[in-house]
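Colleague: I should be grateful for a close look at a single part of this model, explained for a first-year student. Please take the open sheet and the surface that belongs to it.

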Amino acid sequence: MKNEYLDFLTELYADSAAFVGIYNMELHLLYKNKALKKHDKNSEYDRLDVLLDKKPNQNGLYYFQSGKNICTLNVIIMADKGYIVAEQIYSQNAADIFAVPVVDDYLTYIFSKIRETVSSVSISLDEIYKDMIKNISNGNTTNVDCLNTIDGCMLELLNEIIDPEILINLAKNSDNEKTVCVSDIVDSLAVSAEQLLASDVKIYKNIENGIYARVNKSYFDVIISDIVGNIINPDNIPESLIFGVKRTPNEMLRISIEAEGLDIDEDDTSSYELKNSMFYSYICDMFCKKYNGEFTKLTSNSSIAYRVDIKSIPSTELTVSSSFDYKPSISRFGPMSLRLRAYNKTKRFDIKSN
C-alpha cells in the first residue's frame, strides 16, 4: 500500500513545472520530478533537513538559500503515509529583498543606530582613557586592555554591516555618482593596506595616473576592500599584494588586486571564493551590472588575482585636472581598516606610547 501511494505521488508531480521532491520520514530524498532533476545538479535537495537547515515539524512554508536566490518551499507532511512532499513554489534573488521599502527602511534605521551608538561609545572610550592616563601610577594595563577589547568589538560590529548597507543602496538603485579619480582611490586603499598590514605583506603599486570613472565611491571602496580582506587569509598570508589600475581597450579601465607567494591547491580554491561576507557576491554582480563592468578571477598555484573592469571617462571628456597634490589617508572606520582590523598591530589605547 505504501509503495502504491508513492507511485501515486510520483505520477501526480512528474510533469509539474515546479521543483518537487518526495522524502521519507527520515528526510531522505526518494524521488525528484523531471523539473528538479534538471535543476538539481549538485544533489542540493537530497536531505530535506540539510536543505532547510532544520527539521520541518509541521506543514507550511519554509525558506532556504540556493545560490543567490531565496527559495520558498511548501512542505506537506503525510505521517500516516510515511512521506513528505516538498514543492518549491517561489524563488527570488536575495538582493531584491533589500529593495522592498519596509525592509529598506527598517535596516537603514538599524544600521544608522549602530553607527550612532559606536560613535558615542568611541567618544566615551577616549574620555575614559584620558582619565586613566592621569591616574596610572603602578603600570597596571588591565583596564587599558579592556578598552582595546571594547574598541575591537565596535570595529567588528561595523565590519558586519558594511556590505548589507551598500547592498541596500545598490538594490534601490541609489544615484550618488561622481566623477572620481580611480587612480587616486586605489592608491589610497593600497596605502591603507600597507600601513595596516605593517611588514607582514609587501605592497606594490602599478597604477597609471589620471584614470577617471563616474561611480559611487562608497561602492567602489567596499568592493576593493572586500577583495583584499578575502585575499589576506590568516592560514595563507601572501608575500605581496600588487594594486593595479590601467586603461584597457574600448574606453574601459581595469582595477586589479594580485596576491603573490601563496600556496594554493589549483583543484581546490574554495578558500578564495570571496566568502568573507555573505553579501559580497550580490554586491559585485550589482556593481558590474550598474556600471557595465566585469569581474574575473585568475588563480595559479602561487598567486591569485581579481580584476574589476568598468567604463572609464575618456580624457577628451574630462573637465578636471589630475590630482597631483593628492594625499592618501587612512579612515579609522573605512572599509579597508575594518576588513584588515585583525592584522593591525597598532592598539588604539596604549600606555607605553604616552
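Modeller: Two strands are said to pair if DSSP finds at least two bridges between them. Strands themselves (E, at least two residues) and helices (H or I, at least four residues) are DSSP runs, numbered from the N terminus. The model is predicted, so local features need pLDDT of at least 70 and side-chain atom pairs count only at pLDDT 80 or more, while totals for chains, interfaces and linings use all residues. Residues are numbered from 1 along each chain as its sequence is written, and side-chain values use heavy atoms, with hydrogens and water left out.

The protein chain as a whole contains nine helices and twelve strands. Five strands form an open sheet in the order E2-E1-E5-E4-E3, and their pairing is antiparallel. At the edges stand strand E2 (29–32) and strand E3 (60–66), each of which pairs on one side only. From one strand to the next, the twist averages 30°; such angles run from 0 to 180 degrees between N-to-C directions, the axes being lines fitted to C-alpha atoms. In general, strands of a sheet pair through backbone hydrogen bonds, either parallel or antiparallel.

Consider now the edge at E3. This strand and strand E4 (residues 69–78) pair in the antiparallel sense over seven bridges. Within the pair, Leu-61 lies opposite Asn-74 in E4, and Tyr-63 lies opposite Thr-72 in E4. The hairpin of E3 and E4 has two residues between the strands, and Gly-67 adopts a positive phi near 65° there.

Leu-61 and Tyr-63 also belong to the surface: together with Ile-89 and Tyr-90 they make a nonpolar patch of about 440 Å². A patch of this kind consists of residues with over 30% relative accessible area and no salt bridge, nonpolar side chains (Val, Leu, Ile, Met, Phe, Trp, Tyr) being joined within 5 Å. A salt bridge is a side-chain nitrogen of Lys or Arg within 4 Å of a carboxyl oxygen of Asp or Glu. Accessible areas come from the Shrake-Rupley method with a 1.4 Å probe, and for residues only the protein chains shown count as cover. E3 and strand E5 (83–93) each supply at least two residues of the patch. Tyr-90 has its place in strand E5, and its relative accessible area of 48% makes Tyr-90 partly exposed, a class that falls between buried (under 20%) and exposed (over 50%).

Key. Patches are made of residues with over 30% relative accessible area and no salt bridge: like charges are joined within 9 Å, nonpolar side chains (Val, Leu, Ile, Met, Phe, Trp, Tyr) within 5 Å. Buried means under 20% relative accessible area, exposed over 50%, partly exposed in between (1.4 Å probe, protein chains only).
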